Amino acid sequence: MQVIMPNLVIALTLFVLALLIGIEVIGKVPATLHTPLMSGANSIHGIVIVGVVIVAAHATSTLSYVFIFLAAVLGTMNVVGGYVVTDRMLEMFKSDKSDAKKGDNK
């Protein structure tokens, strides 16, 4: 039990620091950049998938497998969502070549 407590305290401290840094960084971004920033951040969640694979190799308990499954599902949803949002944003900025050709025929 004594070994688990310091590891838990360190993990919670890192989580809180990451949370505070994330809030500070996102809070200074203009509202017009939130969508591109979020799509990039969500696609970076692929790192979570790599972490899940590494942790799964050393998992020993049922609870570990449950958390591994949840991390894999949520990380995958974020990766796919990030690419969907990015694709939608890129579609907004593409010129419609069929409309340009129709305009030339007039």
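Let's start inside helix α4, where the buried residues are I68, G75, V79, G82 and M89. Please keep in mind that we are looking at a predicted model.

How does the length of helix α4 compare with what its residue count suggests? It covers residues 62–93, and at 1.5 Å a residue those 32 residues should span 46 Å. The end C-alpha atoms of α4 are 47 Å apart, which agrees with that expectation.

Now a word on the annotation. The unreviewed UniProt entry gives "transmembrane region" for residues 37–56 and 63–85. What does the model show over residues 63–85? The chain there is 100% helix and 0% strand, with its end C-alpha atoms 33 Å apart.

Let me step over to one of the other helices. V55 sits in helix α3, which runs over residues 46–57. Is V55 buried, exposed or partly exposed? Its relative accessible area is 48%, so V55 counts as partly exposed; the cut-off for exposed is over 50%. V55 also takes us back to α4, because I68 is one of the buried residues there. Between V55 and I68 there are 13 positions in sequence and 7.5 Å in space, going from C-alpha to C-alpha.

Next, helix α1, residues 4–27, which is where you will find F15. With a relative accessible area of 55%, F15 is exposed. F15 also belongs to a nonpolar surface patch of about 800 Å². The other members of that patch are I10, L14, V16, L17, L19, L20 and I23.

Now let's zoom out to the whole protein. How many helices and strands does it have? There are five helices and zero strands, so if you read the elements from the N terminus, you get α-α-α-α-α. Of the 106 residues, 8% count as buried, and the five I named at the start, I68, G75, V79, G82 and M89, are buried residues of α4.

On the surface side, the accessible area of the protein is about 8800 Å², and carbon and sulfur atoms hold 74% of it.

Finally, the contacts. Taking those in the protein with a separation of 6 or more, 62% come from residues 24 or more positions apart.

That's my tour, friends. Thanks for listening, and I'm happy to go back to any of these views on the screen.

Methods:
Residues are numbered from 1 along each chain as its sequence is written. This is a predicted model: local features need pLDDT of at least 70, side-chain atom pairs count only at pLDDT 80 or more; totals for chains, interfaces and linings use all residues. Side-chain values use heavy atoms; hydrogens and water are left out. Helices (H or I, at least four residues) and strands (E, at least two) are DSSP runs, numbered from the N terminus. The expected span of a helix is 1.5 Å times one less than its number of residues. Buried means under 20% relative accessible area, exposed over 50%, partly exposed in between (1.4 Å probe, protein chains only). UniProt positions are given in the numbering used here, feature names are shortened, and annotations may be inferred rather than shown by experiment. Contact means heavy atoms within 4.5 Å. Accessible areas come from the Shrake-Rupley method with a 1.4 Å probe; for residues, only the protein chains shown count as cover. Patches are made of residues with over 30% relative accessible area and no salt bridge: like charges are joined within 9 Å, nonpolar side chains (Val, Leu, Ile, Met, Phe, Trp, Tyr) within 5 Å. A salt bridge is a side-chain nitrogen of Lys or Arg within 4 Å of a carboxyl oxygen of Asp or Glu.
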